[in-house]
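Reader: I should like a close look at a single part of this model, followed outward to the rest of the chain. Please set out the account in one connected answer.

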Amino acid sequence: MNVTKQIKSKHRVTEFGEVNTSFQTIENIIDLVGNEAMRYDSKFLDPACGDGNFLLALLDRKFASFEGKPCKNTTLCEGKLMITLGSVYGIDKLKDNIVEARIRTLKRFNDAYTKLFGSEVKEHTIRSAEYIVSKNIIFGDALTLENYESGNEIIFSEWFFSNMQISKVDHRIQDLLNCSKT
């Protein structure tokens, strides 16, 4: 796994308190939830995701669960891959981190998708993945619950696969946290 440095610059540490979690710490945290991290539909939120190291480590484990299993129904397999992608959520206050997290997450998805489907990769699936990532990795503040891109409260989409289609239900973060906005 390609993990970025823990400290990008002294300025970022001083100004924003940004220190990336080490790869070993990420792995130890994920180990705490055991097999839940391998379930394609188990949901995880990193409220200070930086450039996506924790999200990528989760996706690596989830995508690994697809390896070596034959895919008899490609639509069903694609749906499960999309739900897997839609099961990781991140928030960060720094725009460059969000851009990098989205790029890295999409690359990881594309790699897993191509590995499973080879030349049968569909452009509409890639576009759908881009949409999911844009909804799940949010430029905002997990403390104030503000989405900086929209200027509104953070909304997360929950993704479902039924009737051979991906659908979503939006949830206000305040409702998910069951708390009052301060």
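Which residues does phenylalanine 139 touch, not counting residues up to four places away in sequence?

Author: Phenylalanine 139 touches Asp92, Lys93, Leu94, Lys95, Ile98, Arg102, Asn147, Tyr148 and Glu149, once residues up to four places away in sequence are set aside. This is a predicted model, and the account below should be read with that in view.

The residue itself can be placed readily. Phenylalanine 139 lies in strand β3, which spans residues 137-141. Its relative accessibility is 15%. Because residues under 20% relative accessible area are classed as buried, phenylalanine 139 counts as buried. Two of its partners can be assigned to elements from their numbers: Asp92 and Lys95 are among the residues touched, and strand β2 covers residues 88-92, while helix α5 covers residues 95-117. Another partner, Asn147, belongs to the stretch 146-147 that forms β4. For contrast in distance, the C-alpha atoms of phenylalanine 139 and phenylalanine 23 are separated by 23 Å, the two residues being 116 residues apart along the chain.

Between β3 and β4 there is a loop, and leucine 145 lies in it. The backbone of leucine 145 deserves attention: its phi is near 70 degrees, a positive value in a residue other than glycine. Most residues other than glycine have a negative phi. Leucine 145 also counts as buried, at 4% relative accessibility.

Some of the residues touched by phenylalanine 139 recur elsewhere. Asp92 and Ile98 are among its partners, and both are also in contact with glycine 50, together with Asn20, Asn97 and Ala101, leaving aside neighbours within four places in sequence. Glycine 50 is found in the loop between β1 (44-46) and α3 (53-64). Its relative accessible area is 4%, and glycine 50 is therefore buried. Its C-alpha atom is separated by 21 Å from that of aspartate 111, a residue 61 positions away along the chain.

Strand β2 leads to the aromatic residues. By the ring-centre criterion, the count comes to six aromatic pairs. In one of them, tyrosine 89 and phenylalanine 156 meet edge-to-face, with 5.1 Å from centre to centre and 75 degrees between the planes. Tyrosine 89 lies in strand β2 and phenylalanine 156 in strand β5 (residues 155-162), so this pair ties together parts that are 67 residues apart in sequence. Both partners are buried: tyrosine 89 has a relative accessible area of 7%, and phenylalanine 156 has a relative accessibility of 5%.

A further pair joins tyrosine 113 and phenylalanine 117; this one is tilted, at 5.1 Å centre to centre and 55 degrees between the planes. Here the setting is a single element, since both residues lie in helix α5, four residues apart, or about one turn of the helix. Tyrosine 113 counts as buried at 0% relative accessibility, and phenylalanine 117 is buried with a relative accessible area of 8%. Ring pairs also draw in other residues, linking Phe63, Phe109, Tyr113 and Phe117 into a cluster. Phe63 falls within the span of α3 (53-64), whereas Phe109 falls within that of α5 (residues 95-117).

These details belong to a chain with seven helices and six strands. Along the sequence, the elements follow the pattern α-α-β-α-α-β-α-α-β-β-β-β-α. The radius of gyration is 16 Å, close to the 16 Å that the globule rule gives for 182 residues, so the chain is as compact as a globular protein of that length. Its C-alpha atoms fill a box of roughly 50 × 35 × 30 Å along the principal axes. Among contacts with a separation of 6 or more, 64% are made by residues 24 or more positions apart.

Of the 182 residues, 41% count as buried. The chain exposes about 10000 Å², of which carbon and sulfur atoms supply 53%. As to charge, the mean positions of the 24 positive and 25 negative charges are 2 Å apart.

Key
Residues are numbered from 1 along each chain as its sequence is written. This is a predicted model: local features need pLDDT of at least 70, side-chain atom pairs count only at pLDDT 80 or more; totals for chains, interfaces and linings use all residues. Side-chain values use heavy atoms; hydrogens and water are left out. Helices (H or I, at least four residues) and strands (E, at least two) are DSSP runs, numbered from the N terminus. The radius of gyration is taken over C-alpha atoms; the globule rule is 2.2 Å times the number of residues to the power 0.38. Buried means under 20% relative accessible area, exposed over 50%, partly exposed in between (1.4 Å probe, protein chains only). Contact means heavy atoms within 4.5 Å. Accessible areas come from the Shrake-Rupley method with a 1.4 Å probe; for residues, only the protein chains shown count as cover. Lys and Arg count as positive and Asp and Glu as negative; His and the chain ends are not counted. The place of a charge is taken as NZ of Lys, CZ of Arg, CG of Asp or CD of Glu. Rings of Phe, Tyr and Trp (its six-membered ring) pair if their centres lie within 6.5 Å; planes under 30 degrees apart count as stacked, over 60 as edge-to-face and the rest as tilted.
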